[in-house]
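Trainee: I would like a close look at a single part of this structure. Please take one strand and go through what surrounds it.

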Amino acid sequence: MILSDLMGSRVEGSDGERLGTLIDVRFVIDGNPRQLLADARLEGIVVSPRSRASYLGYDRKDMNAPALIAHFLRRRHRGTFFVLWADIERVERGGVRLRSEFTAYDPRWSARVTG
Amino acid sequence: MRSHRLTTPPPAAGQVLDAQLSLLDRQVLDRTGVPVTTVDDIEVSDVPEGAIPVDAAPPVITAIVTGPVLATRIFGGRLPESRYIRIPWSDVSSVETVVRLGVDGEALDASWTERWVRDHIIRRIPGGRHDPE
């Protein structure tokens with residue numbers, strides 16, 4: 001599967017209700033070790049309820065300058081959340097369906113400790 | 001913004017990469033630091049069709065994909081499969097501001113146009129077979 005088939009997909013809840021648009025796919029390099037780099041496993045997806053556009057990184061890091069742009073982007077992307085792979089029920093072309101009891105996580109990188 | 005009220009995701013054991021933010025459109029350099037191409041797309045292993053079992057293993061990146069994607073970026077759609085050139089993930093040595101490979105760019109399909117131009121055009125120009133003096 002090519003990633004651009006997935007980007008911009010409609011994300012819906014288990015009852016078919018629209019939750020937003022898939023704006024990014026998050027990987028973690030912690031899979032099977034290889035000679036150079038370990039496998040990059042798909043950890044989850046970032047869903048924005050309002051915008052299809054990229055957040056230019058403002059959602060992942062605590063950047064707040066230039067203030068005007070930061071404010072505008074935060075407004076446009078308010079409600080953005082991150083969902084783990086385990087909470088994805090179905091992936092089809094143009095649509096992703098989440099499980100009924102999915103957990104919406106903070107999409108910011110700064111919200112977590114990476115080891 | 002709602003995110004400050006959301007739960008913190010479990011910690012990751014390795015480097016975290018957001019495809020759009022950390023991979024797509026990044027430059028790809030070979031083992032010796034020579035630019036090879038850019039990351040136009042990412043290929044991941046297949047996702048199970050239909051309902052995904054709860055304990056299904058997550059897909060992994062299988063390859064960096066490159067190709068003439070300008071038109072599909074603007075107008076949408078997808079290139080024919082034959083136009084995509086893949087660099088296997090096993091050749092990638094690090095992902096930073098640029099994506100570094102652990103192999104020589106000369107051996108990759110991704111740089112065939114450059115090699116073709118060098119061998120068929122530049123080589124025929126007088127003085128084109130040696131370094132500038």
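**A strand and its partners**

Mentor: A:Arg10 stands opposite A:Thr21 in E2(A), and E2(A) is the part to follow here. This is a predicted model, in which local features need pLDDT of at least 70 and side-chain atom pairs count only at pLDDT 80 or more, while totals for chains, interfaces and linings use all residues. Residues are numbered from 1 along each chain as its sequence is written, and chains are lettered from A and ligands numbered from 1 in the order in which they are written.

Helices (H or I, at least four residues) and strands (E, at least two) are DSSP runs, numbered from the N terminus. Strand E2 of chain A covers residues 18–29. Of its twelve residues, eleven are buried, where buried means that 20 or more other C-beta atoms, placed from the backbone, lie within 10 Å of the residue's own.

Next come the pairings; two strands pair if DSSP finds at least two bridges between them. Strand E1 of chain A, residues 10–12, runs antiparallel to E2(A), with three bridges joining the two. E1(A) and E2(A) form a hairpin with five residues between them. In the turn, A:Gly16 has a positive phi of about 90 degrees.

E2(A) is also joined to strand E3 of chain A, residues 40–48, by eight bridges, again antiparallel. One of the residue pairs here is A:Ile29 with its bridge partner A:Ala40 in E3(A).

E2(A) has a partner in chain B as well: E2(A) and E1(B) pair in the antiparallel sense over four bridges. In this pairing, A:Val28 has B:Val16 of E1(B) as its bridge partner.

That leads to the contact between the chains, which takes 51 residues from chain A and 39 residues from chain B. Two residues are in contact if their C-beta atoms, placed from the backbone, lie within 7 Å. On the side of chain B that touches chain A, at least two residues each come from strand E1 (15–18), helix H1 (19–23), strand E4 (41–44), strand E5 (61–66) and strand E7 (92–95). That side of chain B has 23 nonpolar, eleven polar and five charged residues. Here Ala, Val, Leu, Ile, Met, Phe, Trp, Tyr, Cys and Pro count as nonpolar, Asp, Glu, Lys and Arg as charged, and the others, Gly among them, as polar.

As for the rest of chain B, its secondary structure comes to three helices and eight strands.
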